[in-house]
Amino acid sequence: LPRPHFTPRSLIPSFTLLPPSHSSLTLIPSLTRDDIPFRVNWPGTELSLPTTGVLYKEDNYIIMTTVDKEKYKCLLPLIASGNEEEEKDYKGPTPGELLEPLFKQSSCSYRIESYWTYEVCHGKHIRQYHEEKETGQKINIQEYYLGNMIMKNPSSEPGIPTKNIEGQMTPYYPVELGNGTPCSLRQNLPRSSTVMYICHPEAKHEILSVAEVTTCEYEVVILTPLLCNHPKYRFRASPVNDIFCQSLPGSPLKPHNLEQLEKQQEMLKMPFRRVKEEEMPSSKEEKFSSIHKPVAVGSHQLLTVGTTHISKLTDEQLIKEFLSGSYCFHGGVGWWKYEFCYGKYVHQYHEDKESGKTSVVVGTWSKEEHIEWSRKNAARTFYLREDGTQTVRMVSHFYGNGDVCDLTDKPRQVTVKLKCKESDSPHAVTIYMLEPHSCQYILGVESPVICKILDTADEYGLLSVPS
């Protein structure tokens with residue numbers, strides 16, 4: 001008899017399964033499938049079965065015996081085969097035909113993030129853009145097309161691809177878009193994207209996510225109700241199937257070893273005790289570490305710094321370490337990640353389990369070169385308050401002498417734009433990288449930490465610890 005498959009959190013070690021004399025033997029193989037998750041429940045003496053969703057029958061059970069001879073009668077869910085029959089008999093429109101109204105309407109979906117806005121005009125193009133308007137100037141638009149026109153219509157049969165969406169393998173219908181803006185990092189090959197259409201009955205064609213899976217190749221996930229008319233793409237509201245185990249006479253309500261294991265897990269989840277003041281090193285004795293302490297960053301949402309990184313750092317200490325270059329910011333969610341150490345360097349890197357870390361020096365700091373650059377460029381941008389006074393809104397710093405670029409045979413260089421951005425989390429950071437010209441970059445860094453030091457900027461945009 002095959003051993004049933006459970007999710008890790010409900011795994012019960014050292015069980016012997018005794019087959020029932022009923023029809024449940026024919027259902028056991030479904031318990032070994034990895035795409036059907038299960039959860040074991042221990043309801044005690046009173047069992048109230050769910051009235052909706054998966055069905056249960058009194059004669060569909062197995063007897064489980066632990067290594068300690070504890071015995072349990074476990075009621076199994078009936079893994080409905082109705083969906084499979086419905087899928088087999090389906091003669092309706094193909095996924096492409098179901099999505100055709102979306103393509104014919106010339107409709108577009110949008111996703112606004114901290115810097116970029118994404119525009120998906122279905123079946124036509126995907127555009128990534130940012131609009132910026134300086135006082136008294138026209139709107140500057142920075143844009144890239146991540147794909148234009150449909151490259152090919154994928155066949156709807158036989159295999160349907162799936163993607164892990166929030167822990168659940170979800171079927172999707174792919175549409176390939178190519179011929180996007182040339183990518184300088186890939187010998188000017190055009191950018192391309194796969195748009196993954198996923199059934200969601202309450203959606204309105206929203207963009208769920210945009211990800212750069214490899215350099216200049218993107219995946220865009222769209223939620224749409226149109227696909228839900230096809231049984232093979234249908235949304236399944238309750239993916240977890242519950243197994244209910246009740247103890248037989250002479251056995252505890254829950255196996256003894258499992259109770260011990262759960263107690264150990266709870267102990268591990270408990271927060272670490274607070275360090276008493278007398279145990280903390282004196283601030284005079286504590287030297288600022290030269291080890292780079294990364295701040296967790298994501299372009300999809302702001303991620304706050306873990307308390308393990310900053311629990312002993314006051315705002316003043318954090319600012320001192322940032323301005324000394326020992327507290328570095330890390331960001332990026334695509335193929336490339338970025339490391340910015342103030343007054344030191346900007347690196348672009350990719351980590352791979354097999355080939356290790358690939359790193360590119362985008363720019364290094366030279367105070368003299370920056371001052372020379374600031375004489376021709378605006379190192380400070382001001383914001384006019386309602387009371388007529390002005391405050392620094394952003395400072396720009398020049399980092400040159402990066403690694404030599406294959407496309408230009410010149411060193412890479414980057415302009416770092418430090419911008420105040422208020423947030424509920426005082427140590428949240430957003431980082432984004434642009435490449436307006438080959439191997440000439442703009443690195444945007446936005447954080448509440450920067451709000452506290454912008455007004456210290458001198459005529460060259462150089463910052464200092466606030467007095």
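Arg 39 is partly exposed in this predicted model, with a relative accessible area of 31%. The side chain of Arg 39 meets that of Asp 242 in a salt bridge, with N and O 2.8 Å apart. Arg 39 belongs to strand β2 (residues 38–41) and Asp 242 to strand β17 (residues 241–247), so this contact ties together parts that are 203 residues apart in sequence. Asp 242 has a relative accessibility of 15% and therefore counts as buried, the limit for that class being under 20%.

The salt bridge of Arg 39 and Asp 242 is one of eight in the structure. Side chains of opposite charge can pair when their charged atoms come close. Another such pair is Glu 119 with Arg 127, whose closest N and O atoms are 3.1 Å apart. Glu 119 and Arg 127 are both buried. They do not stand alone, for a network of salt bridges links Glu 119, Arg 127 and Glu 143. A further salt bridge joins the side chains of Arg 375 and Glu 372, at 3.3 Å from N to O. Here Arg 375 is exposed, with a relative accessible area of 57%, while Glu 372 is partly exposed at 42%.

Charged side chains also meet rings. Lys 73 lies over the face of Tyr 61, at 4.7 Å from the ring centre. In the pair of Lys 357 and Tyr 349, the lysine lies over the face of the tyrosine, and the distance to the ring centre is 4.5 Å.

The next contacts are between rings. A pair of aromatic rings is described by the distance of the centres and the angle of the planes. The whole structure contains ten aromatic pairs. Among them is the pair of Trp 116 and Tyr 144, which is edge-to-face, with 6.0 Å from centre to centre and 65° between the planes. Trp 116 sits in the loop between β5 (108–112) and β6 (117–121), and Tyr 144 in strand β8 (residues 139–152), so the two rings tie together parts that are 28 residues apart in sequence. Trp 116 and Tyr 144 are both buried. Phe 322 and Tyr 342 form an aromatic pair that is tilted, with centres 5.3 Å apart and an angle of 40° between the planes. This pair links distant parts of the chain, Phe 322 being in helix α5 and Tyr 342 in the loop between β19 and β20 (345–352), 20 residues apart. Phe 322 and Tyr 342 are both buried. They belong to a cluster in which ring pairs link Phe 322, Phe 329, Phe 340, Tyr 342, Trp 365 and Tyr 399.

Strand β19 and helix α5 come up again with the disulfides, of which the structure holds seven. One of these joins Cys 328 to Cys 341, with 1.9 Å from S to S. The torsion about the S-S bond of Cys 328 and Cys 341 is about 110°, so the disulfide is right-handed. Cys 328 lies in the loop between α5 (315–324) and β18 (329–331), and Cys 341 in strand β19 (residues 337–341), so the bond ties together parts that are 13 residues apart in sequence. Cys 328 and Cys 341 are both buried.

A second disulfide is formed by Cys 405 and Cys 439, with sulfur atoms 2.0 Å apart. The link of Cys 405 and Cys 439 is right-handed, with 60° about the S-S bond. This pair links distant parts of the chain: Cys 405 is in the loop between β23 (390–400) and β24 (413–420), and Cys 439 in the loop between β25 (430–437) and β26 (440–447), 34 residues apart. Cys 405 and Cys 439 are both buried.

Another disulfide joins Cys 420 to Cys 451, with an S to S distance of 2.0 Å. The link of Cys 420 and Cys 451 is right-handed, with 90° about the S-S bond. Cys 420, in strand β24, and Cys 451, in helix α7 (residues 448–451), are 31 residues apart, and the pair links distant parts of the chain. Cys 420 counts as partly exposed at 31% relative accessibility, and Cys 451 is partly exposed with a relative accessible area of 22%.

Conventions. Residues numbered from 1 in each chain as written. Predicted model: local features only at pLDDT ≥ 70, side-chain atom pairs only at ≥ 80, totals over all residues. Heavy atoms only, no water. Disulfide = S-S within 2.5 Å. Helix = DSSP H or I, 4+ residues; strand = E, 2+ residues; numbered from the N terminus. Buried < 20%, exposed > 50% of the residue type's maximum accessible area, 1.4 Å probe, protein only. Salt bridge = Lys/Arg side-chain N within 4 Å of Asp/Glu carboxyl O. Phe/Tyr/Trp six-rings, centres within 6.5 Å; stacked < 30°, edge-to-face > 60°. Lys NZ or Arg CZ within 6 Å of the ring centre and 35° of its normal.
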